[in-house]
Amino acid sequence: MIPPYPHETGSMAEKNVFDRLRNIFNGPDDPPINAFHSLNVTDHQRKRFAEIDFLLLGSPGLFVLEVKGGNVKCRQGIWTFENRYKVKTSSSHGPFKQAQGALQGIVTKLRNEFGLKTIASLPIGYGVIFPDCHWQPQSAEWDNATWLDARGINGIKQWLCNLFAYWQSRSPNCRKPDFNLVERLSFYLRPSFETVDILFSQISRTREQTAILTRDQMKFVDVIDANKRILCFGGAGTGKTFMAMELARRWTHEGKKVVMPCASKWLKRYLETRFPMPGLTLTTMKALEADTQRAGICQFDALIVDEGQDLFSRKDMIKLDRILTDGLEKGRWAIFHDINNQTDPFHSPQPEILPFLESLNPARVPLMTNCRNTLNIIDQVKTCLGADMGVQGLGHGPSVRQATAANACEAAVIVTRELTHIMDFGQVSGSSITILSPHHFDRSCVSLLEQEWRDQISILDDFSVRNFPPGQISFSQITHFKGLENDIVIMVDLVFPKDRTLKHPLHYIAMSRPRSLLSMVFLKSSDEAEP
């Protein structure tokens, strides 16, 4: 994948396709293929400037993929595209002509650079992907082999193989390019440069990947969707929340009334802003009865619980049983929970709840692939706490930073040094940084920072978290931040976890929140935690 993470785009459809492309053709027997995302075309026949959604270049040949998200219609030669916000646009040039024009533009560019004979020998072609809708029409303007819709999106690898074969059969005199030609073309299309690996570039490699379901997780979502009752478990960063929201999207799309209760009001506010879905009732356990009455629903067709370990109590199980059609024993539900100790330190789960849920014969789905944290962070959590956060991760990122202060005043000096290092040297914006403490702001060492730094810090609450991350550095208590994440986390006001046999839920929550960089400012003793 070039670049290795999705290019900045507002298209969730492109991000969906990006993730699926990244997770195919990785086997030893697969053909080597480069996928260029969002490639500019300057030699377009009709446009002064155009952009290719995806350009595939490898041993099968050269292929343009046009992605059209949302609803797509064609009436009397006029195409109408409706995005997720219900905004409609129209054009006389449909996606097939767009893909063909982009292909011709890039081929012209390559011919001018590498010669007609070299490029004429390449198998070339195009395809259109409709990841959000069912594409029905038959037309003389396109062949069935050249499009893929939502029904076949999980089989994108086989579709691509068929697409390659289709275009290769239409150019029988072409030959597949060798490795050297692919390398020369790739470098020309998007050259690589040797640069200093600053902090910003390290963080950029992992940015935007946390919302992307990995190949394993996509398979697991299909498994979950195929079963009536599910217990899905994994460590922090294994994608439980996003799998839960993908499942909610599928079930509400089927017309089901779905309820998703959370223990945290913060998580509820965050999710309802990020994932608005008709048919989904997001609520907290405290507001469950009031919200269901407000929605005019007595019982729901399906139940989804994220951070399930926070609801492992007899009282909560009784409430959930009442609002679910056919109850917990026979109803449709999916409960996602953490295998580690990530519960609220003051509300431990009742040990009999998990065996009770297992007695209802749910399918059990383990999540082993971490899609949030870098390997550096995963190793640090395992070393310090003995907690299993899965394998794979997002590759190696910036080294975990660690310091110990004698008291809160000294900790504030270290935090200032960390912020200066990250923002000045690393070229990182404040919105990428969250400071986590077990205390309220006025009891944290962060309150002792110089005024110029305090003015750059936004103290999160259950209202402002809806627009997280804010436009500046954010501060939160650790327990409230469970379920959320940011590129960089600075953990403060805790002592070093010296005994791995003890449970350290606050450490675990805070250390598992960053995607790229973790900085830990410990205190020598808990007596020095408050300024």
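Two strands are taken to pair if DSSP finds at least two bridges between them. With that criterion in mind, the tour of this predicted model can begin at a sheet.

**First stop: the sheet that holds S19 and S20**

Select S19 and S20, which run parallel and are joined by three bridges. Within this pair, Ile 457 stands opposite Ile 473 of S20. Now extend the selection to the whole sheet, an open arrangement of six strands in the order S17-S22-S21-S18-S20-S19, with parallel pairing. S17 and S19 are its edge strands, and each of them pairs on one side only. On average, neighbouring strands here are turned by 25 degrees against each other, direction ignored.

Next, follow the chain into the loop between strand S19 (457–459) and strand S20 (473–477), where Phe 463 lies. Is Phe 463 buried or exposed? Neither word fits, because its relative accessible area is 48% and the partly exposed class covers values between 20% and 50%. Add Lys 265 to the view: Phe 463 and Lys 265 are 198 residues apart in sequence, yet their C-alpha atoms are 9.2 Å apart in space.

**Second stop: helix H14**

Select residues 375–385, which form helix H14. This helix lies across S17 and S22 and runs at about 40 degrees to S22. Which residues of H14 are buried? They are Asn 376, Ile 377, Ile 378, Gln 380, Val 381, Cys 384 and Leu 385. A general point helps in reading such a list: an α-helix has 3.6 residues a turn, so residues three or four places apart point the same way. Show the partners of these buried residues as well: strand S15 (369–370), strand S17 (401–405), helix H17 (505–511) and strand S22 (514–523). Just after H14, Gly 386 takes a positive phi of about 75 degrees.

**Third stop: the sheet that holds S9 to S14**

Move to another open sheet of six strands, ordered S11-S10-S12-S13-S9-S14 and paired in parallel. Strand S11 (280–284) and strand S14 (363–367) stand at the edges with a single partner strand each, so one side of each has no neighbour in the sheet. The average turn between neighbouring strands of this sheet is 15 degrees, direction ignored.

Zoom in on strand S10 (residues 258–262) and strand S12 (residues 302–305), whose parallel pairing rests on two bridges. Here Val 259 stands opposite Leu 303 in S12. Helix H8 (residues 240–253) packs on the sheet and touches S9, S10, S11, S12, S13 and S14. The direction of H8 makes about 170 degrees with that of S13. Then select helix H9 (residues 265–274), which lies across S10 and S11 and runs at about 155 degrees to S11.

**Fourth stop: the cavity**

How many cavities of 30 Å³ or more does a search of the whole structure find? It finds one. The largest cavity has a volume of about 40 Å³. To locate it, select Cys 262, Ala 263, Ser 264, Leu 267, Asp 306, Glu 307, Asp 310 and Lys 482, which line it. This lining divides into three nonpolar, one polar and four charged residues.

**Last stop: Ser 59**

Finally, select Ser 59, in the loop between strand S2 (50–58) and strand S3 (61–67). Ser 59 counts as buried because its relative accessibility is 18%, and the cut-off is under 20%. Leaving aside residues up to four places away in sequence, Ser 59 touches Pro 31, Pro 32, Lys 176, Pro 177 and Val 182.

Conventions
Residues are numbered from 1 along each chain as its sequence is written. This is a predicted model: local features need pLDDT of at least 70, side-chain atom pairs count only at pLDDT 80 or more; totals for chains, interfaces and linings use all residues. Side-chain values use heavy atoms; hydrogens and water are left out. Helices (H or I, at least four residues) and strands (E, at least two) are DSSP runs, numbered from the N terminus. Buried means under 20% relative accessible area, exposed over 50%, partly exposed in between (1.4 Å probe, protein chains only). Contact means heavy atoms within 4.5 Å. Axes are lines fitted to C-alpha atoms, for helices over the stretch in contact, and angles run from 0 to 180 degrees between N-to-C directions. On a 1 Å grid over the protein atoms alone, a cavity is a set of points where a 1.4 Å probe fits but cannot get out, and a pocket is an open set with protein on both sides within 12 Å along at least five of seven lines; lining residues have an atom within 4 Å of a point. Grid points are joined across faces, edges and corners, and a volume is the space filled by probe spheres set on the points. Ala, Val, Leu, Ile, Met, Phe, Trp, Tyr, Cys and Pro count as nonpolar, Asp, Glu, Lys and Arg as charged, and the others, Gly among them, as polar.
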